[in-house]
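Q: Please take a close look at a single part of this model, and explain in plain terms how that part sits among the rest.

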Amino acid sequence: MKININKKLALIIFIIVIAVLINVITRKTPYEVVEGMRDGVEGYELISTNVTDEGEILYTSGVINEAEDNIYYVDMVKNTLTGYKWTGGGGHINRDIVEGNKDFIISMQLLNEEQDITPTALGIISDERVIGIRIDVLDELSNKATIYNGRDGNEKFYVVHFESEIADVSYLIVRIMYTGGREVVFLPSGEDMERLQEGKQLYINEENIEK
């Protein structure tokens with residue numbers, strides 16, 4: 001027995017509706033997407049989000065290494081027909097694991113466009129006297145950091161997003177503002193820039209900066 005065209009159309013519509021309902025019910029939120037990637041991270045929590053034309057950026061934090069260290073993440077998540085998908089990002093720890101060093105003013109790490117995320121600098125402020133950070137790069141001047149409270153009272157988490165691409169940038173000017181109007185400048189060396197472009201972390205101490 002042949003099924004007429006109307007019945008075929010009704011069957012197709014029914015299947016589409018069911019598929020859409022299943023997708024809606026099972027669709028994960030952007031936070032659930034990145035949370036699922038954080039095996040071994042304790043106390044994982046959302047700090048803030050930032051919706052852009054490219055997708056949604058999530059700032060999160062947690063505790064790792066048997067509760068020895070705090071880690072902060074910046075992730076880009078995009079909405080697709082099948083749900084939210086992680087496209088890029090990275091994490092930044094509050095200690096140089098190799099050197100075992102927490103004695104720094106600020107730390108810094110780059111996530112560039114090659115990592116499928118809005119070009120970003122992120123890091124930790126461990127000196128409570130620091131109230132602001134600005135980063136100059138190419139023709140973009142004074143990209144101001146957004147600063148969030150850290151997991152511990154003695155540290156803060158900062159993020160700087162850039163409008164232009166930074167993967168081939170050979171220099172940055174990092175301006176660190178203190179209470180009382182004092183400003184110091186950190187100029188990453190060539191070796192520092194190589195580390196940053198490789199996604200590695202820098203820990204900036206008093207001896208690294210120009211007074």
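A: Two residues are in contact when they have heavy atoms within 4.5 Å. Counting contacts in the protein chain with a separation of 6 or more, 55% are between residues 24 or more positions apart. The model is predicted, so local features are given at pLDDT of at least 70 and side-chain atom pairs at pLDDT 80 or more, while totals for chains, interfaces and linings use all residues. Residues are numbered from 1 along each chain as its sequence is written, and side-chain values use heavy atoms, without hydrogens and water.

The protein chain has three helices and 13 strands. These are DSSP runs numbered from the N terminus: H or I over at least four residues for a helix, E over at least two for a strand. Of the 211 residues in the chain, 44% are buried. Buried means under 20% relative accessible area, exposed means over 50%, and partly exposed lies in between (1.4 Å probe, protein chains only).

The part to look at is helix α3, which spans residues 190–197. Its buried residues are D192, M193 and L196. Seen down the axis of α3, these residues fall within an arc of 100 degrees, so they line one face of the helix. The arc is taken from the directions that run from the helix axis to the C-beta atoms. A general rule helps here: an α-helix has 3.6 residues a turn, so residues three or four places apart point the same way. On the other side of α3, E191 and E194 are exposed.

What lies over the buried face? The cover includes the strands β5 (106–111), β12 (183–186) and β13 (202–204). Just after the helix, G199 takes a positive phi of about 85 degrees.

D192 deserves a closer look. This residue of α3 is buried, with a relative accessible area of 17%. Apart from neighbours within four places in sequence, D192 is in contact with F186 and L202. A polar atom of the D192 side chain lies 3.0 Å from the backbone nitrogen of S189. Y171 is 21 residues from D192 in sequence, and the two C-alpha atoms are 9.3 Å apart.

The helix also takes part in the largest nonpolar core, which has 27 residues. Such a core is a set of buried Ala, Val, Leu, Ile, Met, Phe, Trp, Tyr and Cys residues joined through side-chain atoms within 4.5 Å. I106, M108, I133, I135 and L172 have the most contacts inside this core. At least two of its residues come from each of β5, β6 (120–125), β7 (130–137), β10 (156–161), β11 (173–178), β12, α3 and β13. The strand that gives the most is β7, with four residues. A second, separate core has 23 residues, among them V34, Y72, V77 and Y203.

Strand β7 is worth following, as it shares the larger core with the helix. Six of its eight residues are buried, so β7 is largely enclosed by the rest of the structure. It pairs with β11 in the antiparallel sense over six bridges, where pairing requires that DSSP finds at least two bridges between the strands. One bridge joins G132 to its partner M177 in β11. Beyond its neighbours within four places in sequence, I133 is in contact with I106, I125, N143, K144, A145, Y158, V174, R175 and M177.

Some loops elsewhere give a contrast. T118, in the loop between β5 and β6, counts as buried at 11% relative accessibility. The side chains of T118 and E54 are joined by a polar contact of 2.9 Å. A polar contact is a pair of N or O atoms within 3.5 Å; within protein, one must be able to donate a hydrogen and the other to accept it, and residues adjacent in sequence count only if both atoms are side-chain atoms. Besides E54, T118 is in contact with I57, M76, L111, H161 and F162, leaving aside neighbours within four places in sequence.

Most residues other than glycine have a negative phi. N65 is not a glycine, yet its phi is positive, at about 55 degrees. N65 sits in the loop between β2 (56–64) and β3 (69–80) and is partly exposed, at 36% relative accessible area. E66, in the loop between β2 and β3, has a positive phi near 55 degrees. E66 is exposed, with a relative accessible area of 77%.
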